[in-house]
Amino acid sequence: MSSIIVTSASELNADQEDSVFVPLLSPPNSTSQVAIVGSNVCPIESLDYEIFENELFKQDWRSRGKMQIFQYTLMKWLLCFLIGLIVSLVGFCNNLAVENIAGIKFVVTSNMMLESRYGMAFLVFSVSNLILALFASMITAFIAPAAAGSGIPEVKAYLNGVDAPDIFSLRTLVVKIVGSISAVSSSLLVGKAGPMVHTGACIASLLGQGGSKKFGLTWNWLRFFKNDRDRRDLVTCGSAAGIAAAFHAPVGGVLFALEEMASWWRSALLWRSFFTTAVVAIVLRAFIDLCYSGKCGLFGTGGLIMYDVYSETISYDLMDVPAVLALGVIGGLLGSLHNFLLDKVLKIYNLINEKSVAYKICLAWLISIFTSCLLFGLPWLAKCQPCPADTSEACPTIGRSGNYKKFQCPADQFNDLASLIFNTNDDAIRNLFSKGTNDEFQYSSVLIFFVTCFFLSILSYGIVAPAGLFVPVIVTGASYGRFVGMLVGSKSNLNHGLYAVLGAASLLGGSMRMTVSLCVIILELTNNLLLLPLIMVVLLVSKTVADGFNGSIYDLIMKAKGFPYLETHAEPYMRQLSVGDVVRGPLQLFHGIEKVGNIVHVLRTTRHNGFPVIDEPPLSESPILFGIILRAHLVTLLKKRAFLFTPSLTGDTGGIDASIQFSAGDFAKRGSGNGDKIEDIVLTEEEMEMFIDLHPFTNASPYTVVETMSLAKALMLFREVGLRHLLVIPKLSGRSPVVGILTRHDFMAENILSLHPLLVRSRWKRLRFRFPSLRKLFWGTSASIKA
């Protein structure tokens with residue numbers, strides 16, 4: 001028997017990995033099979049979140065007793081506990097390392113400035129920053145390019161069903177941790193929250209892979225988690241733990257995973273993610289107590305302690321509302337501008353990074369030198385101020401964190417700009433959020449600091465190193481919020497520190513477009529529940545304003561990287577199309593009993609990952625669709641030599657018993673990049689003439705839709721169930737039992753509009769390009785993804 005080729009199938013484009021496309025250099029094309037993962041262009045695939053119900057799976061499921069079910073449930077909770085424990089330990093070590101490395105650097109530099117050795121102080125400061133930045137960039141570029149950036153776009157795409165190579169590998173995890181410490185310590189305006197989310201996801205994925213057969217680290221209990229669905233849940237818990245560890249915000253971490261990261265959510269996952277972040281909070285609390293006792297080194301209390309702006313007597317009235325609304329509007333405008341500029345800078349950086357690794361390193365070198373010059377040179381523009389008489393902390397502070405940096409000032413005076421700019425990001429935020437310091441900062445100093453942070457956060461993100469966006473956006477928003485508070489002055493009941501908190505919230509809302517999770521994270525950061533109504537207002541206003549211009553920063557980055565992300569809602573024009581309008585061919589089919597040589601030929605000449613299986617007479621009265629079989633399962637069958645001498649059903653004369661030769665574990669999902677390849681299978685000519693009975697290994701109950709179903713309804717089914725393949729069957733009998741296969745690339749706007757260009761010229765399309773806010777208003781989806 002031979003395989004059949006039928007026209008009208010999308011798999012030719014949807015599952016082939018050899019298409020040439022470089023995101024960020026040309027108009028984004030989400031129908032490609034490559035994307036920028038970290039800093040390199042890599043092939044990507046979709047994930048199988050659907051349970052593949054073949055006969056072996058059903059037999060394994062029926063054989064599970066109460067003990068196996070108990071093991072499965074217990075292991076879920078145990079893995080969540082381990083994720084929370086390990087992520088909290090990594091978060092603590094991350095903060096401790098950053099604070100001490102940066103602390104030593106600032107102490108040495110400040111001591112030289114006390115001796116009026118300003119040139120040597122700048123040399124030590126800039127060289128130490130350069131070494132740290134180059135170290136982070138080099139280990140990322142040479143060892144794990146997937147560790148570049150924040151990692152949140154990659155994790156978010158994974159939870160949507162997009163798999164990219166090495167994003168959760170062990171070397172990526174190590175480079176992410178070490179590189180983040182080095183990059184943040186180098187005084188680059190980058191954060192550690194995004195890398196912590198990626199770190200948590202890596203830890204969760206590695207724990208859920210079931211160990212390593214190569215190193216003899218396998219455990220029979222972990223076999224239950226060798227599938228994409230359970231790993232997806234673990235990665236969701238890991239991303240929530242990452243935010244909880246970065247900001248000491250357990251509830252905020254859960255809401256962040258729910259609102260921003262996860263594409264599928266259910267109550268059981270809510271409980272497990274909450275348990276994971278609770279473990280993080282408890283462990284971090286223990287280490288915070290340890291740091292309070294002075295056992296954490298030079299800057300031990302720096303990165304773990306919340307920005308406490310609690311006040312028992314916060315009062316505000318209608319007179320404060322206009323200023324708060326203005327903060328929200330400004331935050332929305334600045335957030336959308338920040339996203340626009342960052343998107344453009346990333347495109348320029350990619351032109352540089354694609355040339356060679358040397359260009360990547362040189363870019364990091366230039367950004368580090370430029371940053372060091374600004375951080376050391378700008379405080380000289382500020383005037384020295386006398387130390388306040390009623391301050392509760394030392395003034396001036398020399399070589400350590402504090403509100404009153406001495407820098408070049410004489411005794412009993414401090415440099416307010418140096419207190420912000422010549423400091424770690426955490427300490428700068430703490431100084432801006434501080435209460436009782438309304439007279440500490442000058443207008444010019446805060447304005448200079450805001451402009452510097454705004455542009456440095458954009459320029460620093462694109463280098464090849466682990467870099468987050470949360471903290472830079474917080475410090476930038478806090479600076480302009482503080483500036484607005486200074487302008488309002490005594491006309492408002494709120495102090496300048498509270499305006500800084502509201503400014504940070506507004507810029508976060510304008511850039512990242514989250515509301516509930518950001519609100520809770522900020523409340524947990526600042527320990528001030530009385531600010532809740534005002535934070536809610538600025539987040540809602542800033543998000544609404546920014547949505548009129550572009551999408552969230554993570555959505556823009558995913559789009560620029562080329563990840564085929566499926567949105568929650570269908571595009572309006574999808575209602576005008578049926579699934580039959582987008583499927584393309586040719587389509588590869590297999591018979592229920594197929595010749596080995598035909599299977600090998602198809603696998604070697606195509607990159608498809610799913611193949612429909614049909615039965616024809618004499619196995620059935622007429623051609624019918626039996627199910628779908630995966631590429632990985634076919635390779636396993638070839639590797640195991642599950643061959644028949646004659647084209648007969650399994651168990652007949654000359655056949656094999658599939659239940660004896662195979663188990664469900666033979667077809668379990670392996671770790672990323674560890675699957676067998678058809679190129680590694682060597683068969684003799686005699687074996688190529690033999691047959692395989694595909695029936696026991698085929699999913700006989702795949703999801704199918706008729707060719708007349710609207711594309712919008714098919715998208716909802718595809719996304720909500722978490723499918724990789726959606727079979728399209730004919731409306732009328734008498735034709736081939738299957739018309740084609742829909743994959744996620746068939747739902748991408750670029751693919752649809754390339755097939756139906758008249759849609760581009762429609763009036764709605766013109767309005768959608770000119771006024772993205774109309775789409776948000778009427779359809780409730782991101783304004784930039786499909787624009």
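Here is a chat about how some labels in this predicted model are earned.

Me: What makes up the secondary structure of the protein?
Reply: The protein comes to 28 helices and 15 strands. It has 787 residues, and 59% of them count as buried. Among contacts between residues at least 6 apart in sequence, 77% join residues at least 24 apart.

Me: Let's start with Thr371. Why is it called buried?
Reply: Its relative accessible area is 1%, and buried means under 20%, so Thr371 gets the label. Thr371 sits in helix H12, residues 357-377. Setting aside residues up to four places away in sequence, Thr371 touches Ser187, Leu188, Leu456 and Ser460.

Me: And Asp343, why does that count as buried?
Reply: The cut-off is under 20%. Asp343 has 16% relative accessibility, so it counts as buried. Asp343 belongs to helix H11, residues 321-353.

Me: Which residues does Asp343 contact, leaving aside neighbours within four places in sequence?
Reply: Those would be Leu556 and Ala560. Take Ala560: Asp343 and Ala560 are 217 residues apart in sequence, yet their C-alpha atoms are 7.7 Å apart in space.

Me: Why is Ser116 called partly exposed?
Reply: Partly exposed is what lies between the buried cut-off of 20% and the exposed cut-off of 50%. Ser116 comes in at 49%, so partly exposed is the label. You'll find Ser116 in the loop between helix H3 (66-114) and helix H4 (118-142). Its phi is near 60°, a positive value in a residue other than glycine.

Me: What makes Arg641 partly exposed?
Reply: Arg641 has 34% relative accessibility, so it falls between those two cut-offs. Arg641 is in the loop between helix H22 (631-639) and helix H23 (658-661). Phi of Arg641 is positive too, near 55°, and this residue is not a glycine.

Me: Where is Pro618, and what is its peptide bond from Pro617 like?
Reply: Pro618 is in the loop between strand E10 (610-615) and strand E11 (624-630). The bond from Pro617 to Pro618 is cis, with omega near 10°.

Me: On to H16. How do you know that its length agrees with what a helix should span?
Reply: Helix H16 runs over residues 470-488, which is 19 residues. At 1.5 Å a residue, H16 should span 27 Å, and its end C-alpha atoms are 27 Å apart, so the values agree.

Me: Why is H16 called largely enclosed by the rest of the structure?
Reply: Because 17 of its 19 residues are buried. Just after H16 comes Gly489, with a positive phi of about 65°.

Me: What makes H17 roughly antiparallel to H18?
Reply: The axes of helix H17 (residues 496-512) and H18 cross at roughly 150° and come within 11 Å. An angle over 145 degrees counts as roughly antiparallel, so that is what this pair is called. The crossing of H17 and H18 is right-handed.

Me: Which residues meet there?
Reply: From H17, Val501, Ala505, Leu508 and Gly509 meet Leu518, Ile522 and Thr526 in H18. By class, this contact has five nonpolar, two polar and no charged residues.

Me: Then why are H18 and H19 called oblique?
Reply: The axes of helix H18 (residues 516-526) and H19 cross at roughly 140°, coming within 10 Å. Roughly antiparallel needs over 145 degrees, and roughly perpendicular runs from 65 to 115. The angle of H18 and H19 fits neither, so the pair is oblique. H18 passes H19 in a right-handed crossing.

Me: What residues make up that contact?
Reply: Leu518, Cys519, Ile522 and Leu523 in H18 meet Leu532, Ile535, Met536 and Leu539 in H19. By class, there are eight nonpolar, no polar and no charged residues.

Me: How do you know that the span of H19 agrees with its residue count?
Reply: H19 covers residues 532-547, so it has 16 residues and should span 22 Å at 1.5 Å a residue. Its end C-alpha atoms are 22 Å apart, which agrees.

Me: Which residues of H19 are buried?
Reply: They are Leu534, Ile535, Val538, Leu539, Val541, Ser542, Lys543, Ala546 and Asp547. Ile535 and Leu539 also appear in the contact with H18.

Terms used. Residues are numbered from 1 along each chain as its sequence is written. This is a predicted model: local features need pLDDT of at least 70, side-chain atom pairs count only at pLDDT 80 or more; totals for chains, interfaces and linings use all residues. Side-chain values use heavy atoms; hydrogens and water are left out. Helices (H or I, at least four residues) and strands (E, at least two) are DSSP runs, numbered from the N terminus. The expected span of a helix is 1.5 Å times one less than its number of residues. Buried means under 20% relative accessible area, exposed over 50%, partly exposed in between (1.4 Å probe, protein chains only). Axes are lines fitted to C-alpha atoms, for helices over the stretch in contact, and angles run from 0 to 180 degrees between N-to-C directions. Angles under 35 degrees count as roughly parallel, over 145 as roughly antiparallel, 65 to 115 as roughly perpendicular and the rest as oblique. A crossing is left-handed if the near helix is turned anticlockwise from the far one by less than a right angle, and right-handed if clockwise. Contact means heavy atoms within 4.5 Å. Ala, Val, Leu, Ile, Met, Phe, Trp, Tyr, Cys and Pro count as nonpolar, Asp, Glu, Lys and Arg as charged, and the others, Gly among them, as polar.
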